[in-house]
Amino acid sequence: MADEKKFPIERFSEIEAAPGKFRLLERIPLTDPDTRYPVTLAPAVGDEIELVIVDLETTGLDPETDHIIEVGLAKVRVSPSVNRVTEIVDILSQYEDPGRPIPDLITKITGITDDMVAGHRIDDSLLADWVPDDVVLIAHNASFDRRFFDRRFPGLAGRRWACSSKGIDWQALGFESRKLEYLVLRHGFFYTGHRAAIDCLAVAWLLFQCPDALGQLRESESRLEYAIRAVGAPFEVKDRLKERGYQWKPELYGKAWRTVIQDADLSEEKAFLAQLYPNGDEHADIQAISSRTRFL
């Protein structure tokens with residue numbers, strides 16, 4: 001992992017003389033190794049619910065061939081009425097030996113070595129206590145984390161998931177990137193990334209700093225969507241399907257163009273398919289997507 005630059009205290013006189021030329025960043029307080037939980041961030045409102053933030057470190061990008069080497073969880077309490085994180089209840093971090101050497105690139109990115117994971121295995125029963133059936137799991141890249149999570153912990157599959165990256169319109173909130181480190185920096189903070197529990201705390205702190213983002217995240221979790229496969233669509237309509245947002249990925253969705261739409265748009269989409277090719281609405285494979293089946 002890259003060495004952190006020390007704060008240039010020798011430049012205090014320059015900073016005082018021209019404060020507009022400098023920007024001060026603070027380490028996220030929650031990431032101090034001496035932090036003891038629970039940590040109260042704001043007064044309780046009385047309607048709090050618990051969410052669990054998840055982050056995984058893995059040996060690679062493919063859940064079929066790669067393995068989890070660290071799982072991190074942060075249990076937080078949030079008030080739905082004011083969209084505020086009020087408390088960090090606890091955190092959990094556990095290593096798992098993948099049974100083979102960790103690639104050098106992964107060690108360079110995460111700082112996790114073979115010696116650190118040797119002989120370790122994630123406690124499945126403890127994880128199950130942290131992740132009851134009704135909880136919402138939040139990940140900053142849920143499409144990545146969920147596939148690894150469900151494969152490694154099949155007994156916990158089917159939980160509700162939300163994505164703090166794609167489930168929030170960060171651009172509308174004034175940010176140019178969805179990258180976690182960037183978002184935290186824009187709020188005036190930094191952290192040492194690519195360690196599972198620390199990344200979870202970074203997400204928690206970001207949602208605490210940006211209540212509007214938390215509100216969007218909760219709304220995105222409850223949203224009903226539909227995955228539509230235009231089964232039987234003839235070759236000559238492919239351009240119109242592509243223009244409308246359909247994708248051709250036969251390795252994932254079979255030999256049919258596919259899109260995902262919001263619940264309110266279902267009738268309009270069926271009418272489009274009916275007009276596009278004979279009985280297109282009847283041939284289409286339409287599957288409802290909730291937070292229990294999203295990101296798979």
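Tutor: Before we start, contact here means heavy atoms within 4.5 Å, and the model we are looking at is a predicted one.

Student: Okay, so of the contacts between residues at least 6 apart in sequence, what share joins residues at least 24 apart?

Tutor: In this chain, 68% of those contacts join residues that are at least 24 apart in sequence.

Student: And how many helices and strands are there?

Tutor: The chain has 12 helices and 11 strands, and its C-alpha atoms fill a box of roughly 75 × 50 × 40 Å along the principal axes.

Student: How much of the chain is buried?

Tutor: Of the 296 residues, 42% are buried, while the accessible surface comes to about 16,200 Å², with 50% of it belonging to carbon and sulfur atoms.

Student: Which residues touch the most other members in the largest nonpolar core?

Tutor: Those are Val 85 and Ile 88, in a core of 36 residues. Several elements give two or more residues to this core, including strand 3, strand 4, strand 5 and helix 6, and helix 7 gives the most, with 9 residues.

Student: What is Ile 88 in contact with, leaving aside its neighbours within four places in sequence?

Tutor: Its contacts include Leu 30, Tyr 37, Pro 38, Val 39, Leu 201 and Ala 204. Two of the residues just named, Tyr 37 and Pro 38, are joined by a cis peptide bond, with omega at about 5 degrees, and Pro 38 lies in the loop between strand 1 and strand 2.

Student: Back to helix 7, at what angle does it cross helix 8?

Tutor: The axes of helix 7 (residues 196-209) and helix 8 (residues 211-222) cross at roughly 110 degrees and come within 5 Å. Angles of 65 to 115 degrees count as roughly perpendicular, and therefore helix 7 and helix 8 are roughly perpendicular to each other.

Student: Which residues meet there?

Tutor: From helix 7 there are Leu 207, Phe 208 and Gln 209, which meet Pro 211, Ala 213, Leu 214 and Leu 217 in helix 8. Sorted by class, this contact has 6 nonpolar residues, 1 polar residue and no charged ones.

Student: New topic: which residue that is not a glycine has a positive phi of about 55 degrees?

Tutor: That is Asn 279, whose place is in the loop between helix 11 and helix 12. Asn 83 also has a positive phi, of about 50 degrees, although it is not a glycine, and Asn 83 lies in the loop between strand 4 and strand 5.

Student: Is Asn 279 buried or partly exposed?

Tutor: Asn 279 is partly exposed, because its relative accessible area is 42%.

Methods
Residues are numbered from 1 along each chain as its sequence is written. This is a predicted model: local features need pLDDT of at least 70, side-chain atom pairs count only at pLDDT 80 or more; totals for chains, interfaces and linings use all residues. Side-chain values use heavy atoms; hydrogens and water are left out. Axes are lines fitted to C-alpha atoms, for helices over the stretch in contact, and angles run from 0 to 180 degrees between N-to-C directions. Helices (H or I, at least four residues) and strands (E, at least two) are DSSP runs, numbered from the N terminus. Angles under 35 degrees count as roughly parallel, over 145 as roughly antiparallel, 65 to 115 as roughly perpendicular and the rest as oblique. Ala, Val, Leu, Ile, Met, Phe, Trp, Tyr, Cys and Pro count as nonpolar, Asp, Glu, Lys and Arg as charged, and the others, Gly among them, as polar. A nonpolar core is a set of buried Ala, Val, Leu, Ile, Met, Phe, Trp, Tyr and Cys residues joined through side-chain atoms within 4.5 Å. Buried means under 20% relative accessible area, exposed over 50%, partly exposed in between (1.4 Å probe, protein chains only). Accessible areas come from the Shrake-Rupley method with a 1.4 Å probe; for residues, only the protein chains shown count as cover.
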